[in-house]
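User: I would like to go through the labels attached to this model one by one. For each, please set the value against the cut-off and conclude.

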Amino acid sequence: MAGGLGALTREGTPLFGGGQVEHGGGTPANSVASYTPATGTCVALGGGVRYCTTCGGNHAGRVRALLYNAGRLWVGGTFTEAGSSLTSDLASWTGTAWTVYGAGVVSTAGAPTIYAFAADGSTGTIFVGGMFTSVAGTASQALVQFNGTSWAATGDFTNGLATSPVRAFAVVA
C-alpha cells in the first residue's frame with residue numbers, strides 16, 4: 001500500500017493492511033485493503049474508510065488498528081465513514097459489508113481514536129483500546145469490550161485522565 005501503512009493483521013490468507021492511504025497496489029483502497037501474496041492482488045474492502053467526505057472532499061481515513069477474528073475484520077483509527085455508513089473511528093468488515101456501532105467513538109478531551117484491538121480466544125470477546133470516553137454509547141475510559149452482542153466498560157486504566165489513551169495491550173488467557 002502506497003503511503004503510510006499503520007496496521008497489519010492476518011489469519012490465514014489474505015493479509016489485511018491499513019493506514020492513511022488512497023491506493024494499494026494501484027487499486028483504490030481508501031485506507032484499508034486485503035492483499036493475497038500468492039497472486040499479488042490487492043482488493044479494496046467495500047469502499048474502505050474515509051474522513052470527512054461530507055465537509056467537502058474524499059479524504060483517506062487513518063487506520064491505526066486492525067484485528068481479524070471469527071471471520072470479521074475490526075478496523076479502528078480516525079475516520080467518519082465506513083463504506084457508505086457514517087461512523088466515528090470504529091467499524092468491522094464481514095467480508096461483504098461494513099458494520100458500524102452506534103455513535104462510534106466519542107471523547108470529551110481531544111480527538112477520539114482507536115489504537116489497539118485484542119481478542120480473547122476462549123470467549124470471543126473483542127477488546128478495544130484508544131482515546132475515548134465512550135464507544136457505541138457505552139461509557140468507558142480508554143478500554144472497552146464487545147461480547148458479540150453488547151458493549152461493556154472494562155474499568156479505568158488511565159486513573160481518570162481523559163487524555164491518557166490505551167495504545168497497546170494483550171489478552172492473556
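Analyst: A residue is called buried when its relative accessible area is under 20%, exposed when over 50%, and partly exposed in between. By that rule, buried residues make up 45% of the 173 residues in the chain. The model is a predicted one.

User: What makes up the secondary structure of the chain?

Analyst: The chain has 21 strands and zero helices. Of the contacts between residues at least 6 apart in sequence, 39% join residues at least 24 apart. The accessible surface is about 7,800 Å², and carbon and sulfur atoms account for 53% of that.

User: Why are Glu-81 and Arg-50 said to form a salt bridge?

Analyst: The cut-off is 4 Å between a side-chain nitrogen of Lys or Arg and a carboxyl oxygen of Asp or Glu. The side chains of Glu-81 and Arg-50 meet at 3.0 Å, N to O, so the pair qualifies under the 4 Å limit. Glu-81 belongs to strand S11 (residues 81-82) and Arg-50 to strand S7, so the salt bridge ties together parts 31 residues apart in sequence. A search of the whole structure finds one salt bridge.

User: Are these two residues buried or exposed?

Analyst: Glu-81 has a relative accessible area of 8% and Arg-50 has 11%. Buried means under 20%, so both count as buried.

User: What is the order of the strands in the open sheet of four strands?

Analyst: The order is S8-S7-S11-S12, with antiparallel pairing. Strand S8 (59-60) and strand S12 (85-86) are the edges: each has a single partner strand, so one side of each has no neighbour in the sheet.

User: How do you know that S7 and S8 pair?

Analyst: Pairing takes at least two bridges between the strands. Strand S7 (residues 49-51) and S8 are joined by two bridges and run antiparallel, so the requirement of at least two is met. In one of these strands, S8, His-59 is the bridge partner of Tyr-51.

User: What joins S2 to strands S1 and S5?

Analyst: Six bridges join strand S1 (residues 4-10) to strand S2 (residues 15-20), and four bridges join S2 to strand S5 (residues 32-36). S1 and S2 run antiparallel, as do S2 and S5. Phe-16 in S2 stands opposite Thr-9, and the bridge partner of Phe-16 in S5 is Ser-34. S1 and S2 form a hairpin with four residues between them, and Gly-12 in the turn has a positive phi of about 80 degrees.

User: Why is the pair of Trp-74 and Phe-146 called edge-to-face?

Analyst: Ring centres must lie within 6.5 Å, and planes over 60 degrees apart count as edge-to-face. Trp-74 and Phe-146 are 5.7 Å centre to centre, with 65 degrees between the planes, so the label follows from both limits. Trp-74 lies in strand S10 (residues 72-78) and Phe-146 in strand S20, so the pair ties together parts 72 residues apart in sequence. Trp-74 is buried at 3% relative accessible area, and Phe-146 is buried at 9%.

User: What makes the pair of Trp-93 and Trp-98 tilted?

Analyst: Planes under 30 degrees apart count as stacked and over 60 as edge-to-face, the rest being tilted. For Trp-93 and Trp-98 the angle is 55 degrees, with 5.2 Å centre to centre, so the pair falls in the tilted class. Trp-93 is buried at 10%, and Trp-98 is buried at 12%.

User: Which residues do ring pairs link into a cluster?

Analyst: The cluster consists of Trp-74, Tyr-101, Phe-117, Phe-146 and Trp-151. The search of the whole structure finds nine aromatic pairs.

User: Why is Ala-136 called partly exposed, and why is Ala-142 called buried?

Analyst: Ala-136 has a relative accessible area of 21%, which is not under 20% and not over 50%, so partly exposed is the label. Ala-142, at 1%, is under the 20% limit and therefore buried. Ala-136 sits in the loop between strand S18 (134-135) and strand S19 (138-139), while Ala-142 is in the loop between S19 and strand S20 (143-146). Neither is a glycine, yet phi is positive: about 50 degrees for Ala-136 and about 75 degrees for Ala-142.

Terms used. Residues are numbered from 1 along each chain as its sequence is written. This is a predicted model: local features need pLDDT of at least 70, side-chain atom pairs count only at pLDDT 80 or more; totals for chains, interfaces and linings use all residues. Side-chain values use heavy atoms; hydrogens and water are left out. Buried means under 20% relative accessible area, exposed over 50%, partly exposed in between (1.4 Å probe, protein chains only). Contact means heavy atoms within 4.5 Å. Accessible areas come from the Shrake-Rupley method with a 1.4 Å probe; for residues, only the protein chains shown count as cover. Rings of Phe, Tyr and Trp (its six-membered ring) pair if their centres lie within 6.5 Å; planes under 30 degrees apart count as stacked, over 60 as edge-to-face and the rest as tilted.
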